[in-house]
Amino acid sequence: AARSRSGQPLLIDDWNEVPAEQRQRAVLEPGEQPGCVLMTPVKLGERILGVLSIQHPTPYFYSKADKNALLALAENAAPLIADAQTFDELEAYRQRLEERVRERTQALEQSLAQNAQLLDEVRLKSELLERQSREDALTGIANRRCFDERLQADIERAERYGEALSLLLIDLDHFKRI
């Protein structure tokens, strides 16, 4: 039996001659008992992509010519296997990117919803403050500030159109009783 960790093709003429501890590490189907095993690494440059392995129940079944044929098959298959692995890696990367985009989109949507809610709250508070700055809180009647702004706007309009402007002031005594 031959054994190798060199990355070279390996022909095991009789599986029963392989040391027991090495046979135990082999991945075999239940009840499977090879006689002869031929394997070769599938390499692209120095990168080992996998191993091609064939077996036959009869010891000494494969020849050195079979080993060379399996090696040629591995050399032809290597670029295809590398391409398939690259495609799988790219597909996994694409899926991870799509998941990240989904997560980020969801986070942005949540953030936008929160911002919209905050903007609504700010708008409502701004309107309330604006109204409170122009109205008396107890009566809801326009206050002095609103009166001054309206008077200024009416003066400017009258000047712009050359119109007369009249102003009537009334003083109510004891207004608080009302």
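User: Which residues of H2 are called buried in this model, and what do they pack against?

Analyst: In this predicted model, Leu70, Ala74, Ala77, Ala78, Ala82 and Ser133 of H2 are buried, a label that requires a relative accessible area under 20%. The buried residues of this helix pack against E2, E3 and helix H3 (144–161).

User: How do you know that H2 packs on the sheet, and at what angle to E2?

Analyst: Contact is counted when heavy atoms lie within 4.5 Å, and helix H2, which covers residues 64–134, touches E1, E2 and E3. The direction of H2 makes about 45° with that of E2.

User: What makes Thr40 a buried residue, and which residues is Thr40 in contact with?

Analyst: Thr40 has a relative accessible area of 1%, and because the cut-off for buried is under 20%, Thr40 is classed as buried. Thr40 has its place in strand E2, and, leaving aside its neighbours within four places in sequence, Thr40 is in contact with Pro9, Gly50, Val51, Leu52, Leu70, Leu71 and Ala74. Among these contacts, Leu70 and Ala74 are themselves buried residues of H2.

User: Why are E1 and E3 described as standing at the edges of the sheet?

Analyst: The sheet is open, with 3 strands in the order E1-E2-E3 and antiparallel pairing. Strand E1 (10–12) and strand E3 (47–56) each have a single partner strand, so one side of each is left without a neighbour in the sheet. Neighbouring strands are turned by 15° against each other on average, direction ignored.

User: How do you know that E2 is paired with E1 and with E3?

Analyst: Pairing requires at least two bridges between the strands; E1 and E2 are joined by 3 bridges, and E2 (residues 36–44) and E3 by 9 bridges, so both pairs meet the requirement. Between E1 and E2, Ile12 stands opposite Val37, while in E3 the bridge partner of Leu38 is Ile54 and Lys43 of E2 stands opposite Ile48. E2 and E3 form a hairpin with 2 residues between them, and Gly45 in the turn has a positive phi of about 70°.

User: What makes the span of H2 close to the expected one, and where does H2 bend?

Analyst: H2 has 71 residues, and its 102 Å from first C-alpha to last is close to the 105 Å expected at 1.5 Å a residue. H2 nevertheless bends by about 35° at Ala77, with a proline, Pro79, following within four residues. Ala77 is also one of the buried residues of H2.

User: Why is Asp14 called buried, whereas Tyr60 is called exposed?

Analyst: Asp14, in the loop between E1 and helix H1 (20–25), has a relative accessible area of 13%, and because buried means under 20%, Asp14 is placed in that class. Tyr60, in the loop between E3 and H2, has a relative accessible area of 52%, and because exposed means over 50%, Tyr60 is placed there instead. Phi of Tyr60 is near 60°, a positive value in a residue other than glycine.

User: What makes the approaches of Asp14 to Asn16 and of Ser63 to Ala65 count as polar contacts?

Analyst: The cut-off for such a pair of N or O atoms is within 3.5 Å. A polar atom of the Asp14 side chain lies 3.1 Å from the backbone nitrogen of Asn16, and at the start of H2 a side-chain oxygen of Ser63 reaches to within 3.3 Å of the backbone nitrogen of Ala65, so both pairs satisfy the distance limit.

Note on methods. Residues numbered from 1 in each chain as written. Predicted model: local features only at pLDDT ≥ 70, side-chain atom pairs only at ≥ 80, totals over all residues. Heavy atoms only, no water. Axes fitted to C-alpha atoms, helices over the stretch in contact; angles between N-to-C directions. Buried < 20%, exposed > 50% of the residue type's maximum accessible area, 1.4 Å probe, protein only. Polar contact = N/O pair within 3.5 Å; in protein donor to acceptor, adjacent residues only side chain to side chain. Expected span 1.5 Å × (residues − 1). Bend = angle between axes of the 7 residues up to and from the residue.
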